[in-house]
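Welcome! Please take a moment to look over the chain below before reading on.

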Amino acid sequence: MKSSFWIPFAAALAGPCLAAAEAEPSRVLTVGYYDFPPAIYSDRQGRPQGPLVDITRRVIERAGYQADFRGLPSARLYAALQNGSVDLWPGAPGKPELRADTLEGRETLADISLNLYHRPDTPPPSGPDSLRKRGVIIIGGYNYWPQVNKMLHDPALGIRLHRTATHTSALEMLKHRRADYLLDYEIPINQALKLLGMEKLPHIEIHKVAIRFIVSRHAEDSQNVVDALDSAYAEMVAAGEDLSLPEE
């Protein structure tokens, strides 16, 4: 009698333990980013903000993981991808310095325009030769598309580069004729124009930059991670979920 009495009691105790063992927590992926407002940036408390944060978190959770965002300057972010201390970055593919240490996703989260802006009274550039000996404002810490970097540093063109830390200061420099042109991305410039109460500037598009999942090869099961993220994104788009970035 005693043994038969204890069997259901023991089973009742074991049940929750077995269930707890089966419900293992989701793996946490460390997501690196650098400030690219308003798409993704750190607020004053250092917390990640912006629609790209929301999109990235939703896709990661759909793929069966959890996200831990870490804001870093661009050079430190690249180093973290190279040594595996950051698992992934929702950023631009094709970075030569990251090629050996990362895997690039297939799915494009967004396309962001890199534009060359000018004042209304400045003639629009007609090609690289029209920038010869002219001043171009760029944002410090940004690493542009390789062909754009090559143009900016071409000694035959002799472009005078003026670096600044913020998009608003870049617009102020252009406004006060510190240089002839401003090279910057459309999304942050549109936000900066609003903050300054300025009208939109004439510009030409230099390059369209794709945003994809860039996964460190040093992350555990890196190929499985990038495949899972791509699959989750494709499933969400097919289901009609809105994963687009605001235009401004």
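This report covers a pair of packed helices and then some salt bridges.

The model is predicted, so local features need pLDDT of at least 70 and side-chain atom pairs count only at pLDDT 80 or more, while totals for chains, interfaces and linings use all residues. Residues are numbered from 1 along each chain as its sequence is written, and side-chain values use heavy atoms, with hydrogens and water left out.

**Two packed helices**

Two packed helices are described by the angle between their axes and the distance between the axes. Here, helix 5 (residues 167-175) packs against helix 6 (residues 186-196) at an angle of about 70°, and their axes are 9 Å apart. The two helices are therefore roughly perpendicular to each other (a term for angles of 65 to 115 degrees). On the side of helix 5, the contact (heavy atoms within 4.5 Å) is made by His167, Thr168, Leu171 and Glu172. Helix 6 brings Pro188, Ile189, Ala192, Leu193, Leu195 and Leu196. By class, this contact has 7 nonpolar, 2 polar and 1 charged residues; Ala, Val, Leu, Ile, Met, Phe, Trp, Tyr, Cys and Pro count as nonpolar, Asp, Glu, Lys and Arg as charged, and the others, Gly among them, as polar.

**Salt bridges**

How many salt bridges does the structure hold? There are 12 salt bridges, each one a side-chain nitrogen of Lys or Arg within 4 Å of a carboxyl oxygen of Asp or Glu. The table lists some of them.

| Acidic residue | Basic residue | Closest N and O atoms |
|---|---|---|
| Asp43 | Arg47 | 3.0 Å |
| Asp227 | Arg106 | 3.7 Å |
| Asp180 | Arg134 | 3.2 Å |

Asp227 lies in helix 7 (residues 222-238) and Arg106 in the loop between strand 6 (102-104) and strand 7 (110-118), so their salt bridge ties together parts that are 121 residues apart in sequence. Asp180 and Arg134 also link distant parts of the chain, 46 residues apart. Asp180 sits in the loop between helix 5 and strand 10 (181-185), and Arg134 in the loop between strand 7 and strand 8 (135-139).

Which of these residues are buried and which are exposed? Buried means under 20% relative accessible area, exposed means over 50%, and partly exposed is in between (1.4 Å probe, protein chains only). Asp43 counts as buried at 18%, whereas its partner Arg47 is partly exposed at 45%. Asp180 is buried at 16%, and Arg134 is partly exposed at 25%. Asp227 is partly exposed at 29%, while Arg106 is exposed at 54%.

Finally, salt bridges that share partners join Asp54, Arg58, Arg62, Glu235 and Glu241 into one network.

Notes: Axes are lines fitted to C-alpha atoms, for helices over the stretch in contact, and angles run from 0 to 180 degrees between N-to-C directions. Helices (H or I, at least four residues) and strands (E, at least two) are DSSP runs, numbered from the N terminus. Angles under 35 degrees count as roughly parallel, over 145 as roughly antiparallel, 65 to 115 as roughly perpendicular and the rest as oblique.
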